[in-house]
Amino acid sequence: MNDETTGTQDTPAGSPGEGTATGPRPEPLRFFGTTWVNHDDGYTARRVATAVGSLAAAAAACLILRFAYQGIQIANVGGFVTLLVIVMFAICSALAFGHTWESFKKRPDPDRQASLRGLLAIGFVGSLLAYFARSLVEAPGEKLRRQEYDTALTQYEKRASRRTRNPSKKRRGA
């Protein structure tokens, strides 16, 4: 089959094309691409930049939240509403931190991720702080992707080693 008849390619998605290496390819990470595999092409600089950037974004977000708090104070809505807003942002940030941190260890369920979208949007400071803390240790999500990549590479090598012999020379019992 070709592109003209069905709109599909001759090679399935994820298969190597001509001139490329065979085997599984690593999944790129946001801001890092595939530099996490060999820690090359400015990997350390990218880690430093993501740590500084996420911390700066969290600080800017806190400043914006401070302006929101001042707006609530100016509106004079009362102590209960002010307390509710502060507690809501604190709880949502803590939950967003925990959810983001866990998503670096295992892939989140897409349905659960969709249902938590509002909470994660409110607790964006927690997500930024989780990203900062993780980038101090590794590229966020690197450990999970490395485990998946190593597993895929091992499985590929097993399959490839089984196919190295010529099946026509197989000895038949009799």
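This short talk walks through one predicted model, from its overall layout to a few individual residues.

Let me begin with the overall layout. The chain has 7 helices and 0 strands, so that, reading from the N terminus, the elements run α-α-α-α-α-α-α. Of the 174 residues in the chain, 22% are buried, and the accessible surface comes to about 12,400 Å², with 60% of that area belonging to carbon and sulfur atoms. If we take the contacts with a separation of 6 or more, residues 24 or more positions apart account for 67% of them.

I would like to turn next to helix α6, which covers residues 124-137. This helix has 14 residues and reaches 21 Å from its first C-alpha to its last, which is close to the 20 Å expected at 1.5 Å a residue. Which residues of α6 are buried? They are Val-125, Gly-126, Ser-127, Ala-130, Tyr-131, Arg-134 and Ser-135, and the buried residues of this helix pack against α2, α3, α5 and α7. Ser-135 is a convenient example from α6: it counts as buried because its relative accessibility is 2%. Leaving aside neighbours within four places in sequence, Ser-135 is in contact with Arg-47, Thr-50, Ala-51, Ser-54 and Pro-140.

Arg-134, in the same list of buried α6 residues, brings us to the charged pairs. Side chains of opposite charge can pair when their charged atoms come close, and in this model the count comes to 6 salt bridges. Arg-134 meets Glu-138 in one salt bridge, at 2.9 Å from N to O, and both of these residues are buried. Another salt bridge joins Arg-146 to Glu-142, with the closest N and O atoms 2.9 Å apart. Arg-146 and Glu-142 are separated by about one helical turn, because they are 4 residues apart in helix α7. In general, an α-helix has 3.6 residues a turn, so residues three or four places apart point the same way. The two partners differ in their cover, since Arg-146 is partly exposed with a relative accessible area of 24%, whereas Glu-142 counts as buried at 4%.

A further pair is Glu-102 with Lys-105, whose closest N and O atoms are 3.9 Å apart. Here Glu-102 is partly exposed, with a relative accessible area of 37%, and Lys-105 counts as partly exposed at 43%. There is also a network of salt bridges, in which Glu-27, Arg-107, Arg-145 and Glu-148 are linked.

Moving to the nonpolar side chains, the largest nonpolar core has 7 residues in all, namely Leu-29, Phe-32, Trp-36, Val-37, Tyr-43, Ala-139 and Tyr-149. Within this core, Tyr-43 deserves a separate look, for its contacts beyond four places in sequence are with Phe-32, Thr-35, Trp-36, Glu-138, Ala-139 and Glu-142. Two of those names have already come up, since Glu-138 is the partner of Arg-134 and Glu-142 is the partner of Arg-146.

On the surface, by contrast, Val-77, Phe-80, Val-81 and Leu-84 form a nonpolar patch, with about 380 Å² of accessible area together. Leu-84 is found in helix α3, residues 79-103, and it counts as partly exposed because its relative accessibility is 46%.

Finally, I will take some residues in the loops. Is Lys-106, in the loop between α3 and α4, buried or exposed? At 55% relative accessibility, Lys-106 counts as exposed, and its C-alpha atom is separated by 9.4 Å from that of Lys-143, which is 37 residues away along the chain.

The last two residues concern the backbone. Most residues other than glycine have a negative phi, yet His-39, which is not a glycine, has a positive phi of about 55°. His-39 is found in the loop between α1 and α2, and at 43% relative accessibility it counts as partly exposed. Asn-76 likewise has a positive phi, near 55°, and its place is in the loop between α2 and α3. At 65% relative accessibility, Asn-76 counts as exposed.

Technical notes
Residues numbered from 1 in each chain as written. Predicted model: local features only at pLDDT ≥ 70, side-chain atom pairs only at ≥ 80, totals over all residues. Heavy atoms only, no water. Patch = residues over 30% accessible without salt bridge, like charges linked within 9 Å, V, L, I, M, F, W, Y side chains within 5 Å. Areas by Shrake-Rupley, 256 points an atom, 1.4 Å probe, with all protein chains shown as cover. Salt bridge = Lys/Arg side-chain N within 4 Å of Asp/Glu carboxyl O. Helix = DSSP H or I, 4+ residues; strand = E, 2+ residues; numbered from the N terminus. Buried < 20%, exposed > 50% of the residue type's maximum accessible area, 1.4 Å probe, protein only. Contact = heavy atoms within 4.5 Å. Expected span 1.5 Å × (residues − 1). Core = buried A, V, L, I, M, F, W, Y, C linked by side-chain atoms within 4.5 Å.
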